[in-house]
Amino acid sequence: RVRSPLSRSRLQSRSRDPGLSNLARSYLSLFAQERPGNRFQTSALTSLDRLPDRTTWIQITGLRIDRLPAYAFFRFGNSLRSLELHDCAIGTIEPGAFAGLHQLQRLALVGNRLPAVAAHWFGDLVALRQLVLARNGIERVELGALSPLAGSLRHLDVRHNRLRCLPLEELAHLRHLERLEIVGNPLSCDCRGNLQRYLTDRNVGFEITGRCYEENEVVEPIDVWQHPDTSVTGHVYWTTFDDTLSQRNITVIKPIVETPTERPPPRTGTCVRDRTQMSRQVYTCSGITSMDELNVLPRSVHAIRIVLSNLKTISTRAFARFDGWLSRLELRDSGIETIEYRAFIDLYNLEHLSLHSNHLKTVTSEALEGLTNLRHLDLSRNHISRIPNEVFDVVPQLYSLDVSENYMNCLGVEHMARKMPHLYSLKVSGNPWSCLCGTKLASFLDSRRIPYHRESLFDVNDDCYVTGFPATPPTTVVTIPWTTTTEPPSIGLYNETLEGSCVRIPESTEPRYRCVGGNLLMLKNVPRDAVYIEFYEGHLPVLPTGALYNFRKLQELIIRNCGLRTISPGAFKGLDSLERLTVRGNPLTSIEANCFNIERLERLDLRGNSIRYIAPGAFRHLRRLVYLNLEGNDLQCIFTSDFQDMPNLHIVEFAGNPLKWRCRMDLEQFLETRKIKFVKVENSCEGKKIMRNLLYENRTVEVECPPGCSTASNVELRKNPMLFVAFVLFFAIH
């Protein structure tokens, strides 16, 4: 917990101004008091993504925001009560910048560069009680700008601006106004007299001091109109609803409802074998709470993937019974906080270890002892703040390391360079690297010719201003000991033999191919001039990085019923012409960040999979996307932040997902606000059985719900009735 000394000192100095009234000084002193909260430093407004959804107060100070974008705070609409933007040099506020903030009670825009109060600013602020617009250089208020605040606004503060007059027509909208602060404006004498009479007649508190100006008189410059200098980085302070309860020592007691029921059986997870890989034993386990539940697996299993589980601790020799057989182990989204001494000591043939998206705060050499053959280590999306140098001593054969999206500010770069000579992939984005360490990392990545995004490496540093970096050497060819091709290396679980068949579609003059029953090797052997590939009923459990690198002319790709479970980051890299992508009817459970780096993609169809999780920013590269289909998956929530980076998105379909009620309402509200078309289904079963029937059994839209489920009572297509006809025809065709 930290305080806000900068803004507090400014308020305290202003509260001692002898030209202010007692009420104004009391008001400033009130907000000069210490306000508890959380804090971080940033150089981009997009860093608000790290704030919790239940944030109630946000203050941004000193961050240069030339243009406040639309929907900047939409995600906090259900909780945000106070929003303050101090000394941010805001010059333009886009329409919809405050969209969705129906609960906001206080808005403060102080020390910016706003020449006029625009009519589109406050449309959604129906609960606003206090509006502070001090020191912005405001010269006029547009017609109707204050009318959306008619039923709620009590306090209006426009001090120290450049207003020659405040139109009485605008004040007439504010039926509940109790106080107007207008000191420090060069009001004309006529306007000042009319304003005083108007406020007095309506019993509205005010204070007007200083001289007035005649209509054509030159206004004397006033020091308070000068805007403070802003920097590249600023501070963000925030408080959540839960923080407020704890600070005020409030306990929320939920009523206890006693219902006589039988004691439920102890919940256990499930482990299912991947039937698409008959030559190897690969198992996926979910919902497990103890490592003992893995005893049902055979000792000779080759790969284990544990997801969506609750494993606080990985104990010593937790995988002893799998000893030399296990080559791949994934522990993802499993709540792991601690890895004990020699937890993996028996896995001497393990090549791939993923600990993605857990709660680890550190990784020690003792925990990784025995992994002498490890090639790939994924530690991304944890809470790791430090990795000791000794860790690099125990994994000398590492090819790729991912430490992105953690809390690390430094890494032993020199020691890593000496101990890991084979490293060709290192992901470090999303960490608050210090200036010195970030510079060393950049130098190391350049020396190994490892591609990275330079801006993301330094965008969160406090005082790091890096200049004069040498240009990154061009990386057109990736070479490692076992390959001589220009295609990025992709390391599979085992060596495959060619399976299935591919034929060229005779009806087309373009090179279009249809493949049946194929595997990854078959997919890679499709002619590289193909513009269309349909790959179905095949064996494709993993789509590795760079698997499609050479299909530069490919415009449409369909992967259907191929047992696809994992899409590696960069799997679609190189598909510079791809416009339409369909991944349908696969046991795919998650969409990770950087899966879809396809700049030209316009249509993305992910129907009928088993997707439960979409990583933040998974769609951020799809700026040309027009159509997105997520129907028939297992999503309980689709976050609106996933759509922020798709300005051309026109249609979203999401029926057939077990969405939570609140999440569905927020999503529909967002889509309606953005004028994105969607199919609204109310009181429907929305079950996967119906969607799977439509997708796999060639059913028409005359659907019968399974027992215990009622059909949709209201299907409504928003905004465009013609799209409903297209929706019906679409299901009829399939």
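This is a guided tour of the enclosed cavities and the cysteines in a predicted model.

**Stop one: the largest cavity**

Begin with the enclosed spaces, of which four have a volume of 30 Å³ or more. To find the largest cavity, select Val282, Arg305, Glu330, Val542 and Thr566, the residues that lie nearest its centre among the 14 that line it. The space that opens up between these side chains in your viewer has a volume of about 140 Å³.

Next, colour the strands β15 (282-286), β16 (303-307) and β18 (328-332), each of which supplies at least two residues of this lining; the largest share, three residues, comes from β16. If you then colour the lining of the largest cavity by residue class, you will find six nonpolar, three polar and five charged residues. Finally, show domain 2 (270-456) and domain 3 (511-682) in separate colours: both give residues to the lining of the largest cavity, so this cavity lies between them.

**Stop two: the second largest cavity**

Keep Arg305 selected and add Val307, Leu308, Arg332, Asp333, Thr589, Ser590, Glu592, Arg612 and Tyr613, which together with Arg305 line the second largest cavity. About 80 Å³ of space lies in this second cavity, and its lining is made up of three nonpolar, two polar and five charged residues. The domain colours remain useful here, because domain 2 (270-456) and domain 3 (511-682) both give residues to the lining of the second largest cavity, which places it between them.

**Stop three: the disulfides that meet helix α4**

Now turn to the cysteines, which form five disulfides in the model. Select Cys165 and Cys191, whose sulfur atoms are joined in a disulfide with an S to S distance of 2.0 Å. This pair links distant parts of the chain, 26 residues apart, with Cys165 in the loop between β10 (155-157) and α3 (168-171) and Cys191 in helix α4 (residues 189-201). The torsion about the S-S bond of Cys165 and Cys191 is about 85°, so this disulfide is right-handed. With a surface displayed, compare the two ends: Cys165 is partly exposed at 36% relative accessibility, whereas Cys191 is buried at 6%.

Stay on helix α4 and select Cys189 together with Cys212, which form a disulfide with their sulfur atoms 2.1 Å apart. Cys189 lies in helix α4 and Cys212 in the loop between β12 (205-207) and β13 (234-240), so the pair ties together parts that are 23 residues apart in sequence. The link of Cys189 and Cys212 is right-handed, with 85° about the S-S bond. Cys189 is partly exposed, with a relative accessible area of 22%, and Cys212 is likewise partly exposed, at 23%.

**Stop four: the disulfide at helix α11**

Move on to Cys637 and Cys663, which are joined by a disulfide with an S to S distance of 2.0 Å. Cys637 sits in the loop between β34 (627-629) and β35 (651-653) and Cys663 in helix α11 (residues 661-673), so this pair ties together parts that are 26 residues apart in sequence. With 90° about the S-S bond, the link of Cys637 and Cys663 is right-handed. Here Cys637 is partly exposed, with a relative accessible area of 24%, while Cys663 is buried at 10%.

**Last stop: two buried cysteines**

Select Cys562, and ask how far its sulfur is from the closest cysteine sulfur. That closest sulfur is in Cys515, at 9.4 Å, which is too far for a bond. Cys562 is buried, with a relative accessible area of 0%. End at Cys88, which also counts as buried, at 0% relative accessibility.

Definitions and conventions
Residues are numbered from 1 along each chain as its sequence is written. This is a predicted model: local features need pLDDT of at least 70, side-chain atom pairs count only at pLDDT 80 or more; totals for chains, interfaces and linings use all residues. Side-chain values use heavy atoms; hydrogens and water are left out. On a 1 Å grid over the protein atoms alone, a cavity is a set of points where a 1.4 Å probe fits but cannot get out, and a pocket is an open set with protein on both sides within 12 Å along at least five of seven lines; lining residues have an atom within 4 Å of a point. Grid points are joined across faces, edges and corners, and a volume is the space filled by probe spheres set on the points. Helices (H or I, at least four residues) and strands (E, at least two) are DSSP runs, numbered from the N terminus. Ala, Val, Leu, Ile, Met, Phe, Trp, Tyr, Cys and Pro count as nonpolar, Asp, Glu, Lys and Arg as charged, and the others, Gly among them, as polar. Domain bounds come from an automatic or database domain assignment. A disulfide is a pair of cysteine sulfur atoms within 2.5 Å. Buried means under 20% relative accessible area, exposed over 50%, partly exposed in between (1.4 Å probe, protein chains only).
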